[in-house]
2 protein chains.
Amino acid sequence: MSIECLSSQRSFGGWHKRYRHRAASLGCDMVFAVYLPPQAESGQRLPVVYWLSGLTCTDENFMQKAGAHRVAAELGMIVVAPDTSPRGEDVPGDPDGGWDFGHGAGFYVNAAEAPWAEHYRMYDYVVDELPALIEANFPASDQRGISGHSMGGHGALICALKNPGRYRSVSAFSPICHPMDCPWGEKALSRYLGADRAAWRAWDATELIADAPERLPILIDQGEADGFLAEQLKPEALQAAADAAGYPLTLRLQPGYDHSYYFIASFIESHLRHHAQAMAVSVAIR
Amino acid sequence: MSIECLSSQRSFGGWHKRYRHRAASLGCDMVFAVYLPPQAESGQRLPVVYWLSGLTCTDENFMQKAGAHRVAAELGMIVVAPDTSPRGEDVPGDPDGGWDFGHGAGFYVNAAEAPWAEHYRMYDYVVDELPALIEANFPASDQRGISGHSMGGHGALICALKNPGRYRSVSAFSPICHPMDCPWGEKALSRYLGADRAAWRAWDATELIADAPERLPILIDQGEADGFLAEQLKPEALQAAADAAGYPLTLRLQPGYDHSYYFIASFIESHLRHHAQAMAVSVAIR
């Protein structure tokens, strides 16, 4: 579990740091970024929000563009951004050279099919290996929140829905809500998991929400001018499933906003406050 | 003066837009970005801060990474980010293939030497052509502020110092304060302006500040862990010249901060408030 610090930059009185480590669950070296707010130097253990990025991203997009450091510094919250897939020459990518499968497109699942199953286990990495690493190496409490964008919004939703008790809060921006029923999801799930669509249900938020054993309130922001909304994202499917199950979902449709980080930046403060409030409540209840 | 809109994205209740136009002063097509805050739809004319970026940047770096939209939306301020040099196949770049001269490195001067003099006239573009374009096409008042980073911090300082009455406010992040006396500046000025160092003085903030006919208060933030500080930036030279001239300069050395946009993001709110305050005072005085 040794980690190598690649860079360290002061930001809003805290530190943005990047690390490389050998990821046992993925069988490759991985880079992640962590924002440590000023309060990290106080000796107390701080809550952590895990951010899962979308297709083609690395650990860098969110840290550079979301404007999250300012809010995390105010709230005393650690933010961790992993990469979006296993990486390296030994890790097979999309045989067709696409950007929506393989490198940068791990979809936060555990693959079952060769040749993907050997490395593509981003679910295990995000849910287990990375938090263990963070909590061992940084002043991080076990108060965890999870959020993400697009493919990463899907990842945040399934990680929370599949792991009662593991997260205190969950939110998403423009998530792929029903991957079984959209081109991005069908391409990825059919390759990572195989042709049997029944096996895909365990990785689809709209399918999982009906039987979710925990009712963690979900906050979602979705831009109405998002070019991927109708074909790929389908929040209306998740909303219908949540309504049927009586699951607490707040879906905010934001007029005029697109799929970009300008949209994320516009609402990240609201999301981080949603996480902070849930984690403060959790602490108080204990 | 026709401009072509390339993209339009909602951000913090306003709009981030990119435009292409034929720049007469540069003899090439140029792209610039503008952030229009929500107040731009109110019918009133708003103050404008011009942001000049550093070496290798385009109009995009500041807009994506600085977190300025949030503050501009609150203050009701338009922000304009031009590119950092003339562009295109017809525009000669660095014959040595360097990143610190030519494309992305116009240094905000009017070149005097062939082959640069034909296109490299970023000073005229930034001081005259671009503001005229902005004020003709957007709800922009003639209340102008100017700021920038590194090479762009140098640009902001010289534009303000050389044009009394044209700007209401000026600030800079990690500016190249004394280009006559640093490797980046010596390379650029010797090529754009020729071997006679006497001609360089008109483009060097440390030289200009002694005789500046207007005393616009300058705000500068400089990271103490900036790897370019000692060799390239030299704020101590500007400070000494300002002190000798009795010029109002606030130079803030920020412990631990480097040369990156994480540094800029950490202090951009303070800078935009400095500009807003100066422009509000100017309006009140009129």
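This passage walks through a predicted model of two protein chains, A and B, starting where they meet and then turning to features inside each chain.

The meeting place of the two chains is a good first stop. Here, 21 residues of chain B are in contact with 21 residues of chain A. The area buried between chain B and chain A comes to about 1800 Å², with carbon and sulfur atoms giving 51% of that area. On the chain B side, B:Arg10, B:Gln64 and B:Tyr262 lose the most area to chain A, and together they account for 37% of what that side buries. Between the two chains there are 12 residue pairs in polar contact, while the rule finds zero salt bridges across the interface.

Which elements of chain B give two or more residues to the side that touches chain A? They are the strands β1 (3-11) and β2 (14-23), together with the helices α1 (60-65), α2 (68-75) and α9 (261-285). The largest share, four residues, comes from α9(B). Sorted by character, the residues on this side of chain B are eight nonpolar, nine polar and four charged.

Salt bridges do appear elsewhere, and the structure holds 38 of them over all chains. Side chains of opposite charge can pair when their charged atoms come close. One example is the pair A:Arg144 and A:Glu135, whose closest N and O atoms are 2.7 Å apart. A:Arg144 has a relative accessible area of 9%, so this residue counts as buried. In another pair, the side chains of A:Arg201 and A:Glu207 meet with an N to O distance of 2.8 Å. A:Arg201 is partly exposed at 41% relative accessibility, and A:Glu207 is also partly exposed, at 23%.

Chain B offers a mixed case. B:Asp83 forms a salt bridge with B:Arg87, with the closest N and O atoms 2.8 Å apart. B:Asp83 is buried at 6% relative accessibility, whereas B:Arg87 is partly exposed at 25%. In chain A, salt bridges that share partners link A:Asp94, A:Asp96, A:Asp100, A:Lys187 and A:Arg191 into one network.

A closer look at B:Asp100 is worthwhile. This residue is found in the loop between β5 (78-82) and α3 (122-137) of chain B. Is B:Asp100 buried or exposed? Its relative accessible area is 15%, which is under the 20% limit, so B:Asp100 counts as buried. The side chain of B:Asp100 makes a polar contact of 2.6 Å with the side chain of B:Lys187. Beyond its neighbours within four places in sequence, B:Asp100 is in contact with several residues, including B:Leu55, B:Phe107 and B:Trp184.

The backbone has some details of its own. Most residues other than glycine have a negative phi, and most peptide bonds are trans. A cis peptide bond joins A:Ala114 and A:Pro115, with omega about 0°, and A:Pro115 is found in the loop between β5 (78-82) and α3 of chain A. In chain B, a cis peptide bond joins B:Ala114 and B:Pro115. Positive phi values occur at A:Thr56, near 75°, and at B:Ser150, about 60°. A:Thr56 lies in the loop between β4 (46-52) and α1 (60-65) of chain A. B:Ser150 sits in the loop between β6 (140-148) and α4 (151-162) of chain B, and is buried with a relative accessible area of 3%.

Finally, helix α3 (residues 122-137) of chain A has a kink of about 35° at A:Glu129, shortly before the proline A:Pro131. Both A:Glu129 and A:Pro131 are among the buried residues of α3(A).

Key: Residues numbered from 1 in each chain as written. Chains lettered and ligands numbered in written order. Predicted model: local features only at pLDDT ≥ 70, side-chain atom pairs only at ≥ 80, totals over all residues. Heavy atoms only, no water. Contact = heavy atoms within 4.5 Å. Buried area = accessible area lost by both parts, 1.4 Å probe. Salt bridge = Lys/Arg side-chain N within 4 Å of Asp/Glu carboxyl O. Polar contact = N/O pair within 3.5 Å; in protein donor to acceptor, adjacent residues only side chain to side chain. Nonpolar A, V, L, I, M, F, W, Y, C, P; charged D, E, K, R; others polar. Buried < 20%, exposed > 50% of the residue type's maximum accessible area, 1.4 Å probe, protein only. Bend = angle between axes of the 7 residues up to and from the residue.
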